[in-house]
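Please read this note with the sequence and the model open side by side. It goes point by point.

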Amino acid sequence: MKTNHQSMREKNTQMLINLLKENGPMSKAALSRKTNLAASSVTRLTQELFDDSILSLVDKEKTESAGRKGDLIYLNVKKSVSLIISFNVDKIIFDVSYLDGSFREIKIVDYEKTEGFEKVISNVLDDIFSSNKIGIILLLEPSNLSLRSDLSLDIMLSLVRKIFFDKFKKEIKIKILDQGILALIAEMNLSKDLSVDNNIGYVLINEKVNTGLFLNGQVIKKNGYGYSFGHTTIDIKSKKLCECGNRGCWELYAGVNWLLDEYYGDKIKDEEKFQKYIKLLNRANQESKANELLRKYAYNIAVGIINMVNSLGLDAVVVGGYIYNVQPWVINEIEQIVLSRSIKDNIRIRSSKISPAKICRYGASFHAIDLFFDDYLKK
Ligand SMILES: [Zn+2]
């Protein structure tokens, strides 16, 4: 009966971890009460977790009532879980993530320093691996293709593998993740209002459009590079060519590139796009051209969301990424258009609560925790 015994232990440990994740710090007595596990079992299981540095004691519970309170237990927030590498337009960011979902920016490397670039990266990784016990590396799929062509994800991947292997003589788990899914995971972990919904769509609007789906209570994972609702056709007569090879894709109209092209006309350098976009949003308060354009843009976004909502029966849709910075009226506009055409009632559309610079990194951090516990519990 060894396997049964192990899986029971696994199940109970999982239950304790989930409770702590959901409720924050708790006493052993409270853990026992909530799980219906005997106090002795809770003590034994939590001791194992302490031994593996997964749990730590929180400062004595502050309380005004008299009487001794038990020590509070929580996930060891200092335990490093993963290295997150994000490729931005002009820089690579290295974060170390922790067991509570937080992350710390360790290093930023500019693409500018082309001389000895691989050496620079190698030194950064060396530093990080020597001071953090990390078993997972997550690479965020770049959201645009304007990366230095000689530093592809593949090169980065083999570089990271080599440095790690040279140092520790073993393989490391590396995953490349889709941004739409990560944004969804971040939003679900950091904003509690979504916990009532079983079917959630996430629309990450940057230069392009990425989407993530939570259907029937499950995050829908894709294999490798993600496909996205961004490539559904919304203009069947369009001659606009998408990088996917089709014409008239949603992301050509809902990505921020559309707005910038329509407003500024000429080509804007990738590294200037965000600033130009913010400038346009500010102008929309006084200038009718910018204001009307933003209204059209809201319509473009809404059309794709209607397709998602009506084909998947979503309860809620969150829009994030660059769209995080728009004024509330733009989101209201999108919501009104969607509601006027949706088959189902009571759909909520709201803006993300997490800044575009951080959302995917948070998503990766929470995802890493799941990967970590998947491995840990099977051990
Ligand atoms: Zn396309």
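The points below move from confidence to the overall fold, then to one sheet, one of its strands, a helix and a single serine.

1. Confidence. This is a predicted model. The mean pLDDT of the protein is 87. Of its residues, 88% reach 70 or more. Over residues 63-67, the pLDDT falls below 50. That stretch has one contact in the model beyond near neighbours in sequence. Residues 144-149 also have pLDDT below 50. Here the model shows 13 contacts beyond near neighbours in sequence.

2. Overall make-up. The secondary structure consists of twelve helices and 13 strands. The protein has 379 residues, and 50% of them count as buried. Its exposed area is about 19,600 Å². Carbon and sulfur atoms supply 49% of that area. Now take the contacts with a separation of 6 or more: 62% of them join residues 24 or more positions apart.

3. The sheet. In what order do the five strands of the open sheet lie? The order is β6-β5-β4-β7-β8, with mixed pairing. The edges are β6 (103-110) and β8 (173-177), each paired on one side only. On average, neighbouring strands are turned by 20° against each other, direction ignored. As background, strands of a sheet pair through backbone hydrogen bonds, either parallel or antiparallel.

4. Pairing around β7. Strand β4 (residues 80-87) pairs with β7 (residues 136-140) in the parallel sense, over five bridges. Two positions help to fix the register. S82 stands opposite I136, and L83 has I137 as its bridge partner. With β8, β7 again runs parallel, and five bridges join the two. On that side, L138 stands opposite K175.

5. Burial of β7. Is β7 mostly covered or mostly open? It is mostly covered: five of its five residues are buried. Both faces are covered. I136, L138 and L140 are buried on one side. I137 and L139 are buried on the other.

6. Helix α12 on the sheet. Which strands does α12 (residues 359-378) touch? The helix packs on the sheet and touches β4, β5 (91-98), β6, β7 and β8. The direction of α12 makes about 150° with that of β7.

7. Checks on α12. Start with length. The helix has 20 residues, and at 1.5 Å a residue they should span 28 Å. The end C-alpha atoms are 29 Å apart, so the expected and modelled spans agree. Next comes burial. Of the 20 residues, 15 are buried, so α12 is largely enclosed by the rest of the structure.

8. S32. This serine is found in helix α2 (residues 28-35). Why does S32 count as buried? Its relative accessible area is 16%, and the cut-off for buried is under 20%. Leaving out residues up to four places away in sequence, S32 touches L37, A38, A39 and V42.

9. To take away. Keep the two stretches with pLDDT below 50 apart when reading the model: residues 63-67 have one contact beyond near neighbours in sequence, whereas residues 144-149 have 13. For the sheet, β7 pairs in parallel with β4 and runs parallel to β8. Helix α12 packs on this sheet.

Methods
Residues are numbered from 1 along each chain as its sequence is written. This is a predicted model: local features need pLDDT of at least 70, side-chain atom pairs count only at pLDDT 80 or more; totals for chains, interfaces and linings use all residues. Side-chain values use heavy atoms; hydrogens and water are left out. pLDDT is the predictor's confidence in each residue, from 0 to 100. Contact means heavy atoms within 4.5 Å. Two strands pair if DSSP finds at least two bridges between them. Helices (H or I, at least four residues) and strands (E, at least two) are DSSP runs, numbered from the N terminus. Axes are lines fitted to C-alpha atoms, for helices over the stretch in contact, and angles run from 0 to 180 degrees between N-to-C directions. Buried means under 20% relative accessible area, exposed over 50%, partly exposed in between (1.4 Å probe, protein chains only). Accessible areas come from the Shrake-Rupley method with a 1.4 Å probe; for residues, only the protein chains shown count as cover. The expected span of a helix is 1.5 Å times one less than its number of residues.
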